[in-house]
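Subject: Structure for your review

Dear colleague,

Please find below the structure that I was asked to pass on to you. My notes on what was found in it follow directly after it.

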Amino acid sequence: MSTLTKLALGAMGQLRPRPVKGDARKAIKLPAPDRTGGLPLMQALARRRSAREFARKPLPLPVLSSLLWAAFGVNRRGGGRTAPSALDAQEIDVYVALSDGAYRYDAKVHSLRLVAASDLRRVTGYQDFVDLAPLDLVYVADHRRMRMVPVAQRESYASAAAGAIAQNVYLYAASAGLVTVIRAWIDRSAIADALGLEHDQQVLLSQTVGYPKA
Ligand SMILES: Cc1cc2nc3c(=O)[nH]c(=O)nc-3n(C[C@H](O)[C@H](O)[C@H](O)COP(=O)(O)O)c2cc1C
């Protein structure tokens, strides 16, 4: 769908998901992430960049697993994560929009939980490439987990935490031969509707990931 069409539908509150083909799975148990290998950090940093052209090729489950673990997985005993959060509130939820459904990443059990049995990739942003790239992530702040943070700081702290997760995804992508772009040009209320979010859950950013277009 073109950006213009999305802007028009968005203005009317009509930017909606597409139905999925077949049945969406209620939960997807991810295989163990590959916590070894990858590019040396300095080489991954040297390759980090944004891209806006994606092949349609889906991400294999092991790649999705390692990507989500790199993004915001549990990396140590006690439940610590790969990205920081103020007071360790861990307030960001990573939502995963795939062609066959939208899921929430449950880092504790490294699994995906179905939140919407629809293809809502096109709802995740005004740019046209988001519709057909294999994966759009959505970063959502759950304000209920930030009660210890002063109200005036909650949004900026959550945005900083989401930014750290986004950079983890950039570095994993650079290391694994994937391409990605973080996006703020999004229709937050359309995304919140499509994901069935509650009023204290705030959509912050979206990020597209896939293989580079040949
Ligand atoms: C907070 C933030 C919001 C962004 N929003 C968008 C966006 O909506 N669409 C887009 O194509 N790129 C977006 N970008 C990506 C920037 O355009 C990109 O990082 C910048 O042009 C520098 O390019 P590089 O990432 O390749 O170094 C965003 C980046 C940040 C940090």
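Ala162 lies in helix 4, which spans residues 151-176. In this predicted model, Ala162 has a relative accessible area of 0% and is therefore buried, the cut-off for that word being under 20%. Setting aside residues up to four places away in sequence, Ala162 touches Ile92, Tyr139, Leu204 and Leu205. Pro17 is 145 residues from Ala162 along the chain, and the C-alpha atoms of the two are separated by 24 Å.

Tyr139, one of the residues that Ala162 touches, leads to strand 7.

Strand 7

Strand 7 covers residues 135-142, and eight of its eight residues are buried, so the strand is largely enclosed by the rest of the structure. Which residues are found on each side of strand 7? On one side are Leu135, Leu137, Tyr139 and Ala141, and on the other are Asp136, Val138, Val140 and Asp142; all of these are buried, and both faces are thus covered.

Strand 7 pairs with strand 3 (residues 92-98) in the antiparallel sense, over six bridges. Within this pairing, Asp93 stands opposite Val140 of strand 7. Strand 7 is also joined to strand 9 (residues 201-210), again antiparallel, by eight bridges. Two positions may help you to follow this pairing on the screen: Asp136 has Thr208 of strand 9 as its bridge partner, and Leu137 stands opposite Gln207 in strand 9.

Strand 9 is itself mostly covered, since ten of its ten residues are buried. Strand 9 is also joined to strand 8 (residues 179-183) by five bridges, and these two strands run antiparallel. There, the bridge partner of Thr180 is Val209 in strand 9.

Asp93

Asp93 is found in strand 3. Is Asp93 buried or exposed? With a relative accessibility of 8%, Asp93 counts as buried. The side chain of Asp93 makes a polar contact with the side chain of Arg145, at 2.8 Å. Leaving out residues up to four places away in sequence, Asp93 touches Arg104, Val138, Tyr139, Val140, Asp142, Arg145 and Gln201.

The loop before strand 3

Two residues in the loop between helix 3 (61-72) and strand 3 deserve a note on their backbone angles. Asp88 is found in this loop, and its phi is near 55°, a positive value in a residue other than glycine. Gln90 has its place in the loop between helix 3 and strand 3 as well. Phi of Gln90 is near 50°, which is again positive in a residue other than glycine. Gln90 counts as buried, at 17% relative accessibility.

Helices 5 and 1

Helix 5 runs over residues 188-195, and its buried residues are Ala190, Ile191, Ala192, Ala194 and Leu195. Which strands help to cover the buried residues of helix 5? The cover includes strand 3, strand 4 (101-106), strand 5 (111-116), strand 7 and strand 9. After helix 5 comes Gly196, whose phi is positive, near 70°.

Lys6 is placed in helix 1 (residues 3-11). Its relative accessible area is 0%, and Lys6 is therefore buried. Apart from neighbours within four places in sequence, Lys6 is in contact with Met1, Leu15, Arg122, Gly125, Tyr126, Gln127, Val130 and Asp131.

The ligand

Gln127, one of the residues in contact with Lys6, is also among those that surround the ligand. The full set around the ligand is Arg48, Arg49, Ser50, Arg52, Gln127, Val181, Ile182, Arg183, Ala184 and Trp185. This shell divides into four nonpolar, two polar and four charged residues.

Three side chains can be followed to oxygen atoms of the ligand:

- Arg48 has a polar side-chain atom 2.6 Å from an oxygen atom of the ligand.
- Ser50 has an N or O atom in its side chain that is 2.5 Å from an oxygen atom of the ligand.
- Gln127 has a polar side-chain atom 2.8 Å from an oxygen atom of the ligand.

How much of the ligand does the protein bury? Taken alone, the ligand exposes 620 Å², and 52% of that is buried by the protein.

Yours sincerely,
A colleague

Methods. Residues are numbered from 1 along each chain as its sequence is written. This is a predicted model: local features need pLDDT of at least 70, side-chain atom pairs count only at pLDDT 80 or more; totals for chains, interfaces and linings use all residues. Side-chain values use heavy atoms; hydrogens and water are left out. A residue is near a molecule or strand if one of its heavy atoms lies within 4 Å of it. A polar contact is a pair of N or O atoms within 3.5 Å; within protein, one must be able to donate a hydrogen and the other to accept it, and residues adjacent in sequence count only if both atoms are side-chain atoms. Accessible areas come from the Shrake-Rupley method with a 1.4 Å probe; for residues, only the protein chains shown count as cover. Ala, Val, Leu, Ile, Met, Phe, Trp, Tyr, Cys and Pro count as nonpolar, Asp, Glu, Lys and Arg as charged, and the others, Gly among them, as polar. Buried means under 20% relative accessible area, exposed over 50%, partly exposed in between (1.4 Å probe, protein chains only). Helices (H or I, at least four residues) and strands (E, at least two) are DSSP runs, numbered from the N terminus. Two strands pair if DSSP finds at least two bridges between them. Contact means heavy atoms within 4.5 Å.
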